[in-house]
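Me: Please take a close look at one part of this protein, the open sheet, and describe how it is put together and what lies across it.

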Amino acid sequence: CQGTAFVDDALTTAAVGDRKALFPPPGFAPDDALTLFVDDPAQFLGVGDRTIPADPSRRGIDLREWLDAHVTAGATGWSAEHVARGVADTTIELGEVTVVVLDTNHPAGDYQGSVGLAQLAWLDDRLTAIDAAGGLAMLASHHGSESLVNDRGRLPDRVLAAPMLDVVRRHSCVVAWLVGHRHIHRVVPRPGAAGGFWEITTASIIDWPSERRTIDVIRHGDGTVELVCRVHAHGAPEQSLAWWHATIAQRFGGSQVRHAMAGTELDRDVRLFVRR
């Protein structure tokens, strides 16, 4: 499903069972495959059986199960209250920096994101408190401003990128917005009345360039905040499973796609400044 469709009974049966379809159904050529998959994923189950080992652990999980697994493992930021409410939004205190985590998945499905009005009110309150305390804030969400475009279902309590940016730009404490989703390295300035911030998109480990990013936050005496961004490859031993993964990921897609995903020099190891 890859974050696109909900796991219904038909998909659960297919996932945990012992049958794998090899070909699409006869005559299957939808005009809009993505919309059809979100609306009725069972139509994609296909024909041409191949027997595989059944495995009940391949079942899908919901948000509460995801949260509960993190709480059980001792993950920072989530508690039993998050599990009970079924809400993933949280804050994580890292010294003078507060990471504000937002769940941007769209309730009606599809892979693009949106934000709830209640989430924006909660975000505004958190950032107001951080402003008052003189701290720094970094937002963290799966979707960034360029992928908060999901208006599926025209839900009245969901909004897209513009209202989110309006809220964030009012708060001088925000120095960065950390996002993923697009599987690319990209660094973009987002100026605003309160000083603005940097939107920092980091590529995915699963795709080329198979890298992660670290960010060191430095507060200088003149009030300037410096973000030191470094991109890291995993450096796996040759012939190891991770080495083969990176090798295959490099071969995936043409050179133009790989170049775009890796970003330019200005999207990788950079020093970013925010003046307060």
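Reply: The model is predicted. Its protein chain contains eight helices and 13 strands. Six of these strands build the open sheet, and their order across it is S3-S4-S6-S8-S10-S9, with mixed pairing. Strand S3 (90-94) and strand S9 (186-190) each have a single partner strand, so they form the edges and one side of each has no neighbour in the sheet. On average, neighbouring strands here are turned by 20° against each other, direction ignored.

In general, the strands of a sheet pair through backbone hydrogen bonds, and the pairing is either parallel or antiparallel. One parallel pair in this sheet consists of strand S8 (residues 174-179) and strand S10 (residues 197-201), joined by four bridges. Within that part, Trp 177 stands opposite Glu 199 in S10.

Helix H5 (residues 117-133) lies across S3, strand S4 (97-102), strand S6 (136-141) and S8. The helix runs at about 180° to S4.

As for the setting of the sheet, the C-alpha trace of the protein chain spans about 65 × 45 × 40 Å along its principal axes. Of the 276 residues in the chain, 37% are buried. Among contacts with a separation of 6 or more, 62% are between residues 24 or more positions apart. The accessible surface of the chain comes to about 15,400 Å², and carbon and sulfur atoms account for 56% of that area. The chain carries 26 positive and 35 negative side chains, and the centres of these two sets lie 5 Å apart.

Note on methods
Residues numbered from 1 in each chain as written. Predicted model: local features only at pLDDT ≥ 70, side-chain atom pairs only at ≥ 80, totals over all residues. Heavy atoms only, no water. Helix = DSSP H or I, 4+ residues; strand = E, 2+ residues; numbered from the N terminus. Buried < 20%, exposed > 50% of the residue type's maximum accessible area, 1.4 Å probe, protein only. Contact = heavy atoms within 4.5 Å. Areas by Shrake-Rupley, 256 points an atom, 1.4 Å probe, with all protein chains shown as cover. Lys, Arg positive; Asp, Glu negative; His and termini not counted. Charge placed at Lys NZ, Arg CZ, Asp CG, Glu CD. Pairing = 2+ DSSP bridges. Axes fitted to C-alpha atoms, helices over the stretch in contact; angles between N-to-C directions.
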